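I opened a fresh notebook page for this one. My plan was to look up helix packing first, then the cores, then a handful of single residues.

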Amino acid sequence: MNLIIVISDTLRRDFLGCYGNRWISTPNIDKFAENSIVFDNAYIGSFPTVPNRHEILTGKFVFTYHKWAPVPEKDITIPKILKEKKYVSMGIFDTPHPFAPGMNYQRDFDGWILIRGQEHDKYITEPVDVKLPCKPEKLRNPYTTVVQYLKNVSERKYEEDYFCAQTFIESTRWIERNYKHEKFFLYIDTFDPHEPWDPPKYFVDMYDPGYKGEEVIYPRYGSTDVLTDDEVKHCRALYAGEVSLVDRWFGYFLRRVGDTGLLKNTCIIFTADHGFYLGEHNLIGKSIIKENYHTYAPLYEEVVRIPLIIYLPGRKHKRIKSYVQPPDITKTILDIAGAEIPSDIHGKSLLPLIDGKNKNIRDFVVSAPSIIHGSSAGEKITLTDKSGWCLIYESEKGEKYSIKAVDSIERETLKGSKKENELYFLPEDQYQKKNLVKENKKVFESLKEKLIKFLYKVKTDEKIINMWK
């Protein structure tokens with residue numbers, strides 16, 4: 001069985017038709033879902049971009065022992081394991097941070113291609129003068145990231161020149177040249193729909209026609225108060241346009257895979273690393289960044305709940321309700337390949353769910369940024385259990401440190417005033433507006449106890465656990 005995994009950075013599940021969206025066009029992903037296994041309760045583990053790739057490549061909940069940093073030498077990755085089963089492994093990506101100089105997440109692949117130019121990649125040095133698309137105070141890193149990005153895309157003319165198009169075109173070319181390999185593992189990582197949001201205008205006009213205001217393509221993370229209501233609405237349209245652009249080129253790739261006859265013996269996994277706030281909870285972004293300081297926002301459903309769709313030859317379409325997480329993807333890939341499973345892997349194979357042998361593999365899911373410093377940057381752990389309770393928990397302890405999470409730019413951590421822990425009952429409050437922690441102390445303590453037991457189970461260092469007890 002050949003193996004393909006596609007990661008679409010920052011793709012919200014509720015912006016896809018197959019997950020109930022009715023205003024965004026995603027026909028290719030929806031059709032793919034109709035022939036695949038759709039997981040309705042897939043949740044992130046380690047947050048955000050770099051920890052997620054670390055988690056998928058190793059099958060471990062890395063937020064318990066690592067941070068936004070290169071993969072430790074001792075951690076064994078999927079491509080290294082698959083070498084023993086004679087798989088040819090290839091990585092094709094335009095997501096900059098895990099594959100930037102020094103990060104080396106491509107280290108064990110037989111081959112890899114990085115599409116240059118996303119975000120603040122130091123790629124193009126002209127034009128000298130760049131005009132910002134809106135007032136600088138509305139942008140995150142306006143004179144560094146945004147200016148660099150606009151230089152990087154200054155020569156772009158056609159839809160084929162956009163980053164996700166380049167990534168899927170390059171992936172298609174690789175398939176056309178390599179489809180006769182006995183077995184291969186193809187890892188595709190597209191940064192879209194991550195901001196900067198600048199899809200072709202005809203995609204944006206589908207969702208906000210006639211807009212005449214400023215283009216906030218790379219919004220400052222934090223409160224939406226710095227934007228007008230029209231600008232927030234247009235940010236949603238920009239993001240939706242990016243989602244449709246990803247759908248267009250994922251569909252292009254799938255058609256070529258079908259042309260080569262690979263659909264009869266190739267597993268294709270489509271997923272995302274996390275979502276994004278677009279006005280929900282009065283937030284835009286996925287963290288809170290103030291000049292040279294960084295703090296984390298709570299991880300609500302819009303960010304922690306992700307799409308996960310798996311096409312597996314011989315298996316019919318079905319929807320699965322069981323809670324699952326990225327390390328389970330890793331274990332499943334290795335299980336399909338018949339590879340030896342490392343003893344320290346945290347994931348659980350999804351095949352028993354797919355084949356109907358099990359109805360459930362997890363009673364709860366845990367999502368978090370790195371917790372190794374405690375809550376010094378406002379780190380919060382989200383635990384969601386199958387009964388519908390969601391705990392967002394912040395520890396009392398923490399140590400100050402510098403952080404590179406979100407965009408690889410080093411900042412000091414900024415811990416705001418300690419807020420009350422949060423508890424929601426999702427079946428009655430899916431948008432998490434009513435905090436029930438005061439009325440449900442027993443539920444809070446029960447979920448906290450589950451969290452601590454989980455940390456012990458995945459062999460978290462005692463010193464780290466003590467910061468969260």
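These are my entries, in the order I made them.

**Entry 1: the model.** I am working with a predicted model.

**Entry 2: α5 against α7.** I asked how α5 and α7 pack against each other. Their axes are 9 Å apart, at an angle of about 5°. Angles under 35 degrees count as roughly parallel, so I wrote α5 and α7 down as roughly parallel to each other. On the α5 side I listed Cys164, Ala165, Phe168, Ile169, Ser171, Thr172, Ile175 and Glu176. On the α7 side, the partners include Leu245, Trp249, Phe250, Phe253 and Val257. Sorted by class, this contact of α5 with α7 holds twelve nonpolar residues, two polar and two charged.

**Entry 3: α1 against α7.** Next I looked at helix α1 (residues 27-34) and helix α7 (residues 229-259), whose axes come within 7 Å and cross at roughly 50°. I therefore noted α1 and α7 as oblique to each other. Four residues of α1 appear in my note, Pro27, Asn28, Ile29 and Phe32, and they meet Asp247, Arg248, Phe250, Gly251, Leu254 and Arg255 of α7. The class split for α1 with α7 is five nonpolar, two polar and three charged.

**Entry 4: the cores.** Which residues touch the most other members of the largest nonpolar core? I found Ile4, Ile175, Leu186 and Ile309, out of 68 residues in that core. α7 turned up here again: it gives the most to this core, with 14 residues. I then followed isoleucine 4 outward, leaving aside neighbours within four places in sequence, and its contacts include Ile175, Leu186, Phe253 and Ile268. Another core lies apart from this one and has 63 residues, among them Tyr300, Leu312, Leu334 and Ile361.

**Entry 5: serine 171.** Back to α5 (residues 163-178), where serine 171 is found. Is serine 171 buried or exposed? I logged it as buried, because its relative accessibility is 0%. Beyond four places in sequence, serine 171 is in contact with Ile92, Leu186, Ile188 and Phe253.

**Entry 6: valine 204.** I found valine 204 in helix α6 (residues 201-205). It is buried, with a relative accessible area of 6%. Not counting residues up to four places away, it touches Pro199, His234, Ala237 and Leu238. I also took a C-alpha distance: valine 204 and arginine 236 are 9.3 Å apart in space and 32 residues apart in sequence.

**Entry 7: arginine 362.** This arginine sits in the loop between α10 (351-354) and β16 (364-367). I put arginine 362 down as buried, at 8% relative accessible area. What does its side chain have as a polar neighbour? A polar atom of the arginine 362 side chain lies 3.3 Å from the backbone oxygen of histidine 346. Among the residues that arginine 362 touches, I noted Phe61, Tyr323, Asp328, His346 and Lys348.

**Entry 8: glutamate 126.** My last stop was the loop between β5 (111-114) and α4 (142-152), where glutamate 126 lies. Its relative accessible area is 42%, so I recorded glutamate 126 as partly exposed. The side chain of glutamate 126 makes a polar contact with that of threonine 125, at 3.2 Å. Setting aside residues up to four places away in sequence, glutamate 126 touches Lys151 and Ser154. The C-alpha atoms of glutamate 126 and asparagine 152 are separated by 8.1 Å, with the two positions 26 residues apart along the chain counted as their spacing.

Key:
Residues numbered from 1 in each chain as written. Predicted model: local features only at pLDDT ≥ 70, side-chain atom pairs only at ≥ 80, totals over all residues. Heavy atoms only, no water. Axes fitted to C-alpha atoms, helices over the stretch in contact; angles between N-to-C directions. Helix = DSSP H or I, 4+ residues; strand = E, 2+ residues; numbered from the N terminus. Parallel < 35°, antiparallel > 145°, perpendicular 65-115°, else oblique. Contact = heavy atoms within 4.5 Å. Nonpolar A, V, L, I, M, F, W, Y, C, P; charged D, E, K, R; others polar. Core = buried A, V, L, I, M, F, W, Y, C linked by side-chain atoms within 4.5 Å. Buried < 20%, exposed > 50% of the residue type's maximum accessible area, 1.4 Å probe, protein only. Polar contact = N/O pair within 3.5 Å; in protein donor to acceptor, adjacent residues only side chain to side chain.
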